[in-house]
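Here is a walk through one protein chain, from its overall build down to a few individual residues. Have the model open and follow along.

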Amino acid sequence: MLKRALVAVAHGSADPRAAATIGELMPLVARRAADRGLSVPDLRVAYLGHAAPSVPQVMRTFEPDTQVTVLPLLLTAAYHSKTDIPRVLARAGTTRLNVTYGAPLGPHPLLLRALERRLSETAFENRVQTGVVLAAAGSSDAAANATIAGLAAQWQAAAGWFAVRAAYASAVSPAPGQAVTELLRAGARRVVVASYLLAPGLFADRIRDASLAAGAAEVSPALGAVPEVADVLLDRYQEAASRERTAA
């Protein structure tokens with residue numbers, strides 16, 4: 001029987017909280033897979049940098065001909081998912097393996113539920129007067145930033161907020177603090193900030209500090225190990241498996 005494995009590739013961070021969060025997510029993925037009757041026999045994590053194990057280290061542990069599904073543990077399709085991970089895989093000597101490369105986590109409808117889960121109950125009081133800043137890391141990839149802006153528009157339409165504005169911790173404007181200020185000036189009675197990040201670290205701290213200084217009433221933590229993120233990862237795994245069957 002063909003051996004199968006799933007490798008989730010995270011960005012990696014020098015902040016130990018990030019790896020700890022990913023470490024909490026993987027057992028949750030396994031439990032959610034069992035709940036769905038989905039077999040994920042060999043579930044592993046690798047990092048692009050700043051943490052171990054690296055992608056080549058993980059890929060070298062598999063026996064020849066193992067069917068390995070590699071999924072970017074990233075919220076948008078940008079440089080890391082489009083270029084970095086494929087390049088690392090190409091250099092990792094994976095020709096002895098059957099490797100399928102899947103899609104990043106976002107965009108996905110369940111991620112809006114994850115964002116709402118991370119906000120406190122009080123954030124939803126009087127939505128029509130509450131502005132939301134959807135704060136992401138930001139990217140030099142314009143399409144990735146446009147995806148965040150599209151998610152903000154979708155959230156506003158679905159939830160009835162005063163407004164939802166996309167903001168970015170790096171690479172492009174507006175910055176989170178600027179977006180908070182603009183929403184307050186536009187008439188929002190209060191502003192909450194939803195951190196569209198997978199794990200805590202430098203960007204999460206930057207978003208929190210700048211947003212609170214600008215007058216935000218609340219800044220949610222990074223998404224982390226929540227059921228919705230686990231389910232999205234499993235959806236991406238099943239999508240990749242479907243492509244494998246089609247190709248065969």
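What follows goes from the whole chain to its sheets, its cores and two buried residues.

## The chain as a whole

First things first: this is a predicted model. The protein chain holds eight helices and eight strands. Its C-alpha trace spans about 60 × 35 × 30 Å along the principal axes.

How does the radius of gyration of the protein chain fit with that of a compact globule? For 248 residues, such a globule would come out near 18 Å, and the chain has 19 Å, so the two agree. Of those 248 residues, 49% count as buried. Long-range contacts do a lot of the work here: among contacts with a separation of 6 or more, 80% are between residues 24 or more positions apart.

## The four-stranded sheet

Start with the open sheet, where four strands line up in the order 2-1-3-4 with parallel pairing. Why is one side of strand 2 and of strand 4 left without a neighbour in the sheet? Strand 2 (43–47) and strand 4 (98–101) stand at the edges and each has a single partner strand, so there is nothing in the sheet on the other side. On average, neighbouring strands in this sheet are turned by 25° against each other, direction ignored.

Strand 3 (residues 67–72) pairs with strand 4 over four bridges, in the parallel sense. One pair to look for is Val68, whose bridge partner in strand 4 is Val99. Two helices pack on this sheet. Helix 1 (residues 16–35) touches strand 1 (4–10) and strand 2, and its direction makes about 160° with that of strand 2. Helix 3 (residues 79–91) touches strand 1, strand 3 and strand 4, with its direction at about 170° to that of strand 4.

## Strands 5 to 8

Now move along to strand 5 (residues 130–136), which runs parallel to strand 7 and is joined to it by seven bridges. Strand 5 is also joined to strand 6, again in parallel, by six bridges. Picking out single pairs, Val132 stands opposite Val192 in strand 7, while Ala136 stands opposite Tyr168 in strand 6. Strand 7 also pairs with strand 8 (residues 218–219), in the parallel sense and over two bridges. Val192 turns up again here, opposite Glu218 in strand 8.

Which way do the connections turn, right-handed or left-handed? Strand 5, helix 5 (residues 142–159) and strand 6 form a right-handed β-α-β unit. Strand 7, helix 7 (residues 202–213) and strand 8 make a right-handed unit of this kind too. As for cover, strand 6 has five of its six residues buried, and strand 7 (residues 190–196) has six of its seven buried.

## The nonpolar cores

In soluble globular proteins, nonpolar side chains tend to be buried together. In this model the largest nonpolar core has 48 residues, and the ones with the most contacts inside it are Leu73, Leu115, Leu134, Trp155, Tyr196 and Val229.

Leu115 is a good one to zoom in on. Leaving out residues up to four places away in sequence, Leu115 touches Leu134, Leu151, Trp155, Ala194, Ser195, Tyr196 and Leu223. There is also a second, separate core of 17 residues, which includes Ala167, Ala169, Leu183 and Val191.

## Two residues up close

Val164 lies in strand 6 (residues 163–168). Is Val164 buried or exposed? Its relative accessible area is 6%, and buried means under 20%, so Val164 is buried. Not counting neighbours within four places in sequence, its contacts are Val132, Leu134, Ala152, Trp155 and Gln156. For a sense of distance, Val164 and Ile85 are 79 residues apart in sequence and 31 Å apart in space, C-alpha to C-alpha.

Asp231 belongs to helix 8 (residues 227–247). Asp231 has a relative accessible area of 13%, so this residue is buried too. Setting aside neighbours within four places in sequence, Asp231 is in contact with Arg32, Arg36 and Leu110.

Terms used: Residues are numbered from 1 along each chain as its sequence is written. This is a predicted model: local features need pLDDT of at least 70, side-chain atom pairs count only at pLDDT 80 or more; totals for chains, interfaces and linings use all residues. Side-chain values use heavy atoms; hydrogens and water are left out. Two strands pair if DSSP finds at least two bridges between them. Axes are lines fitted to C-alpha atoms, for helices over the stretch in contact, and angles run from 0 to 180 degrees between N-to-C directions. Contact means heavy atoms within 4.5 Å. Buried means under 20% relative accessible area, exposed over 50%, partly exposed in between (1.4 Å probe, protein chains only). A nonpolar core is a set of buried Ala, Val, Leu, Ile, Met, Phe, Trp, Tyr and Cys residues joined through side-chain atoms within 4.5 Å. A crossover is right-handed if, with the strands pointing away from the viewer, the path from the first strand over the helix to the second runs clockwise. The radius of gyration is taken over C-alpha atoms; the globule rule is 2.2 Å times the number of residues to the power 0.38.
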